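Please open the model in your viewer and keep the sequence panel beside it. The stops below each begin with something to select and then say what is to be found there.

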Amino acid sequence: MNILEALKECFAENGIEINDMDEELELDSIQYISLIVAIEQKFEKEYPEELLEERTVLTFNKFYEDVKKINNI
C-alpha cells in the first residue's frame, strides 16, 4: 500500500470524508488527535512536534506532505 492509500485509510477510519485534497478540513481537537494517532500507528513513526505546531490550513494535502516528510520521501 502506498502512502496516499494508507493516509486515505486513516481518514476513512476516523470518519473524515475527503472530497477535495485541497479543501480545508474542519476538524475538532478530538478528531485531530485521533487522526494523528492513526497516522502514527499506520506508518509506525512519531509525528514530529514541529509539524504539529504549524498553524496552517489543514487539508488532506497538508497531511500527505507531512507524512512524506516523516517517511523521508
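How many aromatic pairs does the count come to? Bear in mind while looking that this is a predicted model; the count comes to three aromatic pairs.

**First stop: the aromatic rings**

Select Tyr32 and Phe63, and show their side chains: these two rings form a tilted aromatic pair, with 6.3 Å from centre to centre and 55° between the planes. The pair links distant parts of the chain, since Tyr32 belongs to helix 2 and Phe63 to helix 4, 31 residues apart. Both Tyr32 and Phe63 are buried. Now extend the selection to Phe11 and Phe60, which together with Tyr32 and Phe63 form one aromatic cluster.

**Second stop: the whole chain**

Zoom out and switch to a cartoon view, in which the protein shows four helices and zero strands, following the pattern α-α-α-α when read along the sequence. The C-alpha atoms fill a box of roughly 25 × 25 × 20 Å, taken along the principal axes. Because a compact globule with 73 residues would have a radius of gyration near 11 Å, the 11 Å of this protein agrees with that expectation. Of the 73 residues, 33% count as buried, and among the contacts with a separation of 6 or more, 67% are accounted for by residues 24 or more positions apart.

**Third stop: the nonpolar core**

Select Leu7, Phe11, Leu35, Ile39, Tyr47 and Phe63, which, of the 20 residues in the largest nonpolar core, touch the most other members. Colouring by helix is useful here, as helix 1 (3–13), helix 2 (29–43) and helix 4 (60–70) each supply at least two residues of this core, and helix 2 gives the most, with six residues.

Within that selection, centre the view on Ile39. Which residues is Ile39 in contact with, leaving aside its neighbours within four places in sequence? They are Leu7, Cys10, Glu44, Tyr47, Phe63 and Val67.

**Fourth stop: helix 1**

Select Ile3, Ala6, Leu7, Cys10 and Phe11, the buried residues listed for helix 1. Looking down the axis, one finds that they cover an arc of only 145°, which means that they lie on the same side of helix 1. What covers the buried residues of helix 1 includes helix 2 and helix 4, whereas the face turned away from the buried side carries the exposed residues Ala12 and Glu13.

The ends of this helix also deserve a selection. At the N-terminal end, Asn2 caps helix 1, with a side-chain oxygen 3.1 Å from the backbone nitrogen of Leu4. Just after helix 1, Gly15 takes a positive phi of about 70°.

**Fifth stop: helix 2 and the loop that follows**

From Gly15, go on to Gln31, which has its place in helix 2: the C-alpha atoms of these two residues, 16 residues apart along the chain, are separated by 8.9 Å. Gln31 is partly exposed, with a relative accessible area of 27%.

Ser29 also lies in helix 2. Is Ser29 buried or exposed? Ser29 is exposed, with a relative accessible area of 55%. Adding Asn19 to the selection gives a pair that is ten residues apart in sequence and 21 Å apart in space, C-alpha to C-alpha.

Next, select Glu44, which sits in the loop between helix 2 and helix 3. The phi of Glu44 is near 55°, a positive value in a residue other than glycine. At 73% relative accessibility, Glu44 counts as exposed, and yet Glu44 is also one of the residues in contact with Ile39.

**Last stop: helix 4**

Finish by selecting Phe60, Lys62, Phe63, Tyr64, Asp66, Val67 and Ile70, which are buried in helix 4. Showing the surrounding chain brings in the partners of these residues, for the buried residues of helix 4 pack against helix 1, helix 2 and helix 3 (49–53). Two members of this selection have appeared before, in that Phe63 and Val67 are among the contacts of Ile39. Beyond the end of the helix, select Asn72, which follows helix 4 and has a positive phi, near 55°.

Terms used
Residues are numbered from 1 along each chain as its sequence is written. This is a predicted model: local features need pLDDT of at least 70, side-chain atom pairs count only at pLDDT 80 or more; totals for chains, interfaces and linings use all residues. Side-chain values use heavy atoms; hydrogens and water are left out. A nonpolar core is a set of buried Ala, Val, Leu, Ile, Met, Phe, Trp, Tyr and Cys residues joined through side-chain atoms within 4.5 Å. Buried means under 20% relative accessible area, exposed over 50%, partly exposed in between (1.4 Å probe, protein chains only). Contact means heavy atoms within 4.5 Å. The arc is that of the directions from the helix axis to the C-beta atoms. A polar contact is a pair of N or O atoms within 3.5 Å; within protein, one must be able to donate a hydrogen and the other to accept it, and residues adjacent in sequence count only if both atoms are side-chain atoms. Rings of Phe, Tyr and Trp (its six-membered ring) pair if their centres lie within 6.5 Å; planes under 30 degrees apart count as stacked, over 60 as edge-to-face and the rest as tilted. The radius of gyration is taken over C-alpha atoms; the globule rule is 2.2 Å times the number of residues to the power 0.38.
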